[in-house]
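Visitor: I should like a close look at a single part of this structure, the surroundings of the ligand. Please describe them in one connected account.

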Amino acid sequence: MKKSIECLFLLLCLSVFSEAQTLPKRGAAKNFYQDQATKIKVANLLKKMTLEEKIGQLVLFAGKGMITGPSESQNMDEYVVKGLCGNVFGTKTLADAIRIQKLAMEKSRMKIPVLFGLDVIHGFKTIFPTNLGISSSWDIPEIEKFAQVSATEASAAGVMWTYSPMCDISYDPRWGRVSEGSGEDPFLGSCISAAMVRGYQGKNLAAPNSIMACVKHFAAYGAVQAGRDYNTVDMSERAFRDYYLPPYRSAVDAGAATVMTSFNEYDGVPATGNKFLMKKLLRKELGFNGFIVTDFSAINEMVPHGIAKDETSAAELAINAGVNMDMVGNTYLLHLKKLVQTGKVSMSAINKLCGEVLGMKYRLGLFDDPYRYFNEERFKTAFYKPEALDACRSLARKSMVLLQNNNNLLPIPLNKKIALIGPFADNQREMLGSWAISGEAKHAVAFLSGLQKRYPTITYTQGCKFTSEIPNGFEYAVKAAEQSDVVLLTLGLPYEWSGEAASLTSLQIPDIQYRLLEKLKQTGKPIIILLVTARPMDLSREIKLADAVLLTWQPGTMAGEALADIVTGDFNPSGKLTMTFPLTVGQVPIHYNVKNTGRPEGILGTKSSNKYTSRYLFTPNNPLYPFGYGLSYTTFDYHDISVEGNPIKIGDRLKVSATVTNTGLKDGDEIAQLYIRDLVGSVTRPVRELKGFQKVHLHAGESKRLVFNITPDNLSFCRGDMSFGEERGNYHVWIGGDSNATLESSFIVR
Ligand code: BGC
């Protein structure tokens, strides 16, 4: 039975892999983690365990220094020995993990192996670009590879479980955590979340280099009001199902072993105690059979949320919502026993929830060998291997987005003299971004080092700090610029301004950096901005002064190499934005797949002279750069769109094709995107929705015919009666290089 489950898993993975942008089969989750052999082992083990020991399996302690919340676990060793703590996150060293595992295996009564987890968010030692950057590559096979490399490195250090992928859709760049996600689009987000699960978990969870994925933050965390972290979320179930749910669902359908609750409330009930989310939706509708962990002290936080009068009631809410594991909050540890004894929580619930955790420990192979992830020999050579660094460099350059390139200023010939200026130019730590817990700045290739290898005459001066002057900083910068042919100016936001608890109300470059740009502009030298950020920014001031802008994100360990590949032209940039860049923070939240409204204006270029339309008085609705946008050193033209099989019946597939031609002088990659619009529905429909994309390599002058399959699933949505499915009617379809694509056709569903 176990074998056949694994075969099924393998088949599903392979079918997904062969067609990059195809999603896992809807409902596939129901087939995972149902093997009888494990269930029998779990049932036998449960019979031997005391209530306290069962509760211990529902407790997750934090290692020292792993604090992203207000509490820290104390006296861990003692609890492990007593069987009261079965899971640990964030041990700092392998030796520490081995010591804790030994305590469990040698000193505890039941000898149940401890599960070790960690936030491996965009790499373990080899740090890949920040996740929003990764998503801008739209490169599903390479994203899967990145997760695989992360799992290989993390597992060698004793990590068996990562708290990733973060699947939260967001339209709000004020929210610092947009850096951890894959942007604003449910379709692309779904492709990426599934790829990451496949990469982490591999074909077999018990393989020594596979780790469990954790889909987070369930659910709708990306919609926190006003972009303020941990804030309230309030939306219709319809919006939730159409826009926010898909990436979580797809990760679960790809076989994710675990899910993490979110801090926010959903429909008035914090996610961690929300029966609709956890039981009705995740368990029943999506068929999730793994285990659910809370976010950091999220059970305790139900008290200040005002849904539980004390932590005992909070624990009761969470456990009765089917939440298996309490992250660091100690509420299960302290209150569950009493809740069972007083009949508020049933013994069968405890057995079920504990059994789901134990089942995963079996599937990881921990009962066969509790030390399987603790191989000191492997540990010594596991990191920064050439394969990992190559994958990292490749994804870093594929993630960079060329936003502006007046007069083809980039690439820069090798004989030109470059002045590299700005606070990020020679800063290794900044390259790694936030959530680089195990990353080591000393291994990161700074921009300066990468460029120096290719442009030996390059000069460097810092100019200013992130938010303040340095003595004579501007003066030296101007001198360096004057003595150069071209200025590469690094501007942006320090890494601590992104990630968790890093919400902002301004999306502008800090003032001192902008003033440096103004000063350098006066030299008359051509200026290329290298933008370092983990969120969309308001660049309306800067693009007027700069000739070119390359969005580098926080590119990771291989930052300097990847940048040099692009600056020299060895690699032609191909990244495309996965979050809209607004003209001003006042347009936020902003996204491309909006509704038309009854008084439409502007989004897709239709201007109206009528004041009483849906618009601002003094600012257009259009963003600075739309979703899907990104330039190349060459140009692409789309033509000859055709629709095959039109009209179709409900349940049929449709083929839409177009030709893309590389009309420039350089070879390059293009990310071709397909959008649809359902013109009339039982509920209003978005003006555009991404339903397919393909990455193609085209030699200069070459053309390729691209064929997209539109499936019934692509056309389905949450209909007027809340059922999921297609509707009859007229559709528009576009194929092109961004969400403003103009090559258009139409089709009918009868
Ligand atoms: C974050 C999670 C993270 C957890 C453990 C929380 O504060 O919201 O994303 O996995 O801490 O570090």
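Guide: In this predicted model, the ligand is surrounded by 14 residues, of which the closest are Asp-119, Arg-177, Lys-216, His-217 and Asp-295. Sorted by class, this shell comprises seven nonpolar, two polar and five charged residues.

Three side chains may be taken in turn for their polar atoms. Asp-119 places a polar side-chain atom 2.5 Å from an oxygen atom of the ligand. For His-217, a polar side-chain atom lies 2.6 Å from an oxygen atom of the ligand. In the case of Asp-295, an N or O atom of the side chain is 2.5 Å from a ligand oxygen atom. On its own the ligand has 310 Å² of accessible area, and the protein covers 99% of that area.

Two of the residues named above, Lys-216 and His-217, lead to a further residue, since both are among those touched by Glu-180. Glu-180 belongs to the loop that runs between strand 4 (161-162) and helix 8 (186-201). Its relative accessibility is 2%, and Glu-180 is therefore classed as buried, the cut-off being under 20%. Leaving aside residues up to four places away in sequence, Glu-180 also touches Asn-131, Met-166, Trp-435, Gly-499 and Glu-500. With Trp-435 there is, in addition, a polar contact between the two side chains, at 2.8 Å.

Notes. Residues are numbered from 1 along each chain as its sequence is written. This is a predicted model: local features need pLDDT of at least 70, side-chain atom pairs count only at pLDDT 80 or more; totals for chains, interfaces and linings use all residues. Side-chain values use heavy atoms; hydrogens and water are left out. A residue is near a molecule or strand if one of its heavy atoms lies within 4 Å of it. A polar contact is a pair of N or O atoms within 3.5 Å; within protein, one must be able to donate a hydrogen and the other to accept it, and residues adjacent in sequence count only if both atoms are side-chain atoms. Accessible areas come from the Shrake-Rupley method with a 1.4 Å probe; for residues, only the protein chains shown count as cover. Ala, Val, Leu, Ile, Met, Phe, Trp, Tyr, Cys and Pro count as nonpolar, Asp, Glu, Lys and Arg as charged, and the others, Gly among them, as polar. Helices (H or I, at least four residues) and strands (E, at least two) are DSSP runs, numbered from the N terminus. Buried means under 20% relative accessible area, exposed over 50%, partly exposed in between (1.4 Å probe, protein chains only). Contact means heavy atoms within 4.5 Å.
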